[in-house]
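Take a moment with the sequence and the 3D structure below. Then follow the text from one spot to the next.

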Amino acid sequence: MTSRIGSPDTQADIDVRDCLAQVPPRSFVMVAGAGSGKTTSLIKTLAHLGETRGKALRRAGQQIACITYTEVAVGEISADVGMTPLFHISTIHSFLWSVVRAFQSDIAAWVVSRIEEKIVEKRVHYDRPGTRAATKTKLDHEIASLEAEREEVGRVEKFIYGTGSRYSEGILGHDDILKLTPACVERHPLLREIVARRFPYIFVDESQDTQPVVIEALRQIAGEHPLCVGFFGDPMQKIYGHGAGAIEPLPGWAEITKPENFRCPTSVLSVVNAVRAAGDGLVQTRGRTVIADEQEQPVVGTVNVFILPSDDHRTARLGAVRAWLAAQTGDDLWTSDMRDGDVRLLVLVHRMAARRLGFAALYSALNDRAPQSLSEGIADGSAWPLRPFVQQLLPLIVASRANDQFTIISILRADSPRLEAERLRGQAVAPVLAALRHAIEQLAILVADGSVATVRDVLRHVRGTELVGLDDRFSAHLMDDPVDDGSAGFGNVAAFLECNVGELWAHRRYILEESPFATHHGVKGAQFERVLVVLDDEEASYNQYSYGKYLGYTPLSDTDEANIAERKESVLDRTRRLFYVCCSRAVKDLAVVLFATDVAAARAAVVEARLFPDASLHGVEQLG
């Protein structure tokens, strides 16, 4: 029995079991704040069902579905509850594909409609006033290619889920799966019935970040069939634009709250509650404790806030703050840049870290005036232009340098078009593997230290050798004379392709946490002994968030005022949630550094906001 399964019950755990004991089981929405052990409650729920319903479910050939956000989370949950066919634990993409993959004719029909949507989009662009002649020529070619692809789809025998979309080859990418399955669920009552029969229990982790169409598909199934759906999440931790946020329960569903916070010391918990108060008002309780003298004692921790001028000395001032914290707390690890120092400097966006770590051009390319899907995907490497480098190409080189043949073959088998079963049919495998090994050797030269190669050079090499499959959105950029096709972020991707390959390695070091820097977005779900949150609107240049507006020293715009009056999501809501996530990462000590043009005005606003004790506020004079 794992520690999480055997951990003491909270009232929320008892409430969930009460829902499961009803006939039929009652669906529910659990709101669990940061540090509450939300995933622990999910694991305990799975274990309880395994013990009480496991035999009956196995006899009926049914499974308990658990949908979570990352492969890492899949592994952690599976390790706790055990690797057993009773539990279908997977990411949202894998779950959705498992639901729809048998419906090949419906998939084919959806693919045709998707291609027709793209054709319409390009024709609209073609007819748009001011479209250049060169662009029209390019659009003519793309429309003809799409029309040809539409015809080829009719000859596809079987569609599969893979990296990137190549419809004519029967391959659907991540984004397709998120659209395809909910659409099929909505249209086909039989599919809804099959899902309900196969999975009488479906639990969703991090539900606030799950796409609304997926949430609605599950709600639709639960509204028609006697299955139990459980959403585990926290609307205050919705920090991605695509997420559903708060989930409205259907009539008869239970609403369960888990207010405990087992992570933060009491000083930090007070800040966390003050930040949350203007959101949903949930007051978190308890705080982190330790056993001392055979008694459970609360951990107090520290909170310090520094309001400093936004001048050219930011880096030096951050160093001075860390030195001050080390001296005041008697903890030299505040100045550590090593991973085991367990200190994180959280910046709003990558720019501050990128400038210091060596991927400033890459950051600017995918962030400045970029669609949210690109800018938000820098933190974890999930932006589609970064995926092949993060998931396949750089790991291939790392494995090659270590002579790790197992990893190399695993990546190639999963992602190289040359190793697909249909391609290999009737030919010897050895020459194909030899060609791929040679392609990796050439790739290693392109991305070696000091190389002058660009990202475009690498992608052209990968496309030419078919080392891994590439997203079809790269095609327009890899032509000899690329022409803007009007797609969102085209200019950003073009700028990314001009970056030097060295920036890819710097970015990789960043997302692998081989530096003390991380973004506000990139640490959700994590916790650290020492957390330093950097608030710097000027350097971030990110209009989705504004700490100046949130804290009250920067005026709201007319749009902000209108959104607030109409009760739409505003910059204040987004910033509040992000700040809540950042502050609630601290296990021992929290520091906040606010860079402002007018320090006096910023300090007055911070005092007025009453988020921090007055004694915790410091200025540049304290740093010496």
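**A walk through the model**

Gly-37 is partly exposed, with 23% relative accessible area; buried means under 20%, exposed over 50%, and partly exposed lies in between (1.4 Å probe, protein chains only). This is a predicted model, in which local features need pLDDT of at least 70 and side-chain atom pairs count only at pLDDT 80 or more, while totals for chains, interfaces and linings use all residues. Residues are numbered from 1 along each chain as its sequence is written, and side-chain values use heavy atoms, with hydrogens and water left out.

Where does Gly-37 sit? Its place is the loop between E1 and H2. Helices (H or I, at least four residues) and strands (E, at least two) are DSSP runs, numbered from the N terminus. Gly-35 is found in the loop between E1 and helix H2 (38-59) too. Gly-35 counts as buried, because its relative accessibility is 14%. Set aside its neighbours within four places in sequence, and Gly-35 is in contact with Glu-260, Asn-261, Phe-262 and Arg-263. Contact means heavy atoms within 4.5 Å.

An unreviewed UniProt entry lists a "binding site" that includes Gly-35 and Gly-37. Among the other residues listed there are Ala-32, Lys-38 and Thr-39. UniProt positions follow the numbering used here, feature names are shortened, and annotations may be inferred rather than shown by experiment.

Now step back to the sheet. It is open, has 6 strands and runs in the order E3-E2-E6-E7-E1-E8, with parallel pairing. Two strands pair if DSSP finds at least two bridges between them. Strand E3 (87-91) and E8 stand at the edges. Each has a single partner strand, so one side of each is left without a neighbour in the sheet. The twist averages 15° from one strand to the next.

Helix H1 (residues 11-21) packs on this sheet and touches E1, E6, E7 and E8. The direction of H1 makes about 160° with that of E8. Axes are lines fitted to C-alpha atoms, for helices over the stretch in contact, and angles run from 0 to 180 degrees between N-to-C directions.

Look at the E8 edge. Strand E1 (residues 28-32) and E8 run parallel, joined by 5 bridges. Val-31 stands opposite Thr-257 in E8. In a regular strand the side chains alternate between the two faces of the sheet. Strand E8 (residues 254-258) shows such alternation. Ala-254, Ile-256 and Lys-258 point to one face and are buried. Glu-255 and Thr-257 point to the other face and are not buried.

Next, E6 and E7. Strand E6 (residues 201-205) pairs with strand E7 (residues 228-233) in the parallel sense, over 5 bridges. Tyr-201 stands opposite Cys-228 in E7. Is Cys-228 buried or exposed? Cys-228 is buried, with a relative accessible area of 0%. Cys-184 is buried as well, at 3%.

How many disulfides does the whole structure have? A search finds 0; a disulfide is a pair of cysteine sulfur atoms within 2.5 Å. For Cys-228, the nearest cysteine sulfur is that of Cys-19, 7.0 Å away.

Finish at Asp-342, in the loop between helix H11 (314-329) and strand E14 (343-347). Asp-342 is partly exposed, with 25% relative accessible area. Leaving aside neighbours within four places in sequence, Asp-342 is in contact with Gln-527, Phe-528, Glu-529 and Arg-530. A polar atom of the Asp-342 side chain lies 2.9 Å from the backbone nitrogen of Glu-529.

Technical notes: A polar contact is a pair of N or O atoms within 3.5 Å; within protein, one must be able to donate a hydrogen and the other to accept it, and residues adjacent in sequence count only if both atoms are side-chain atoms.
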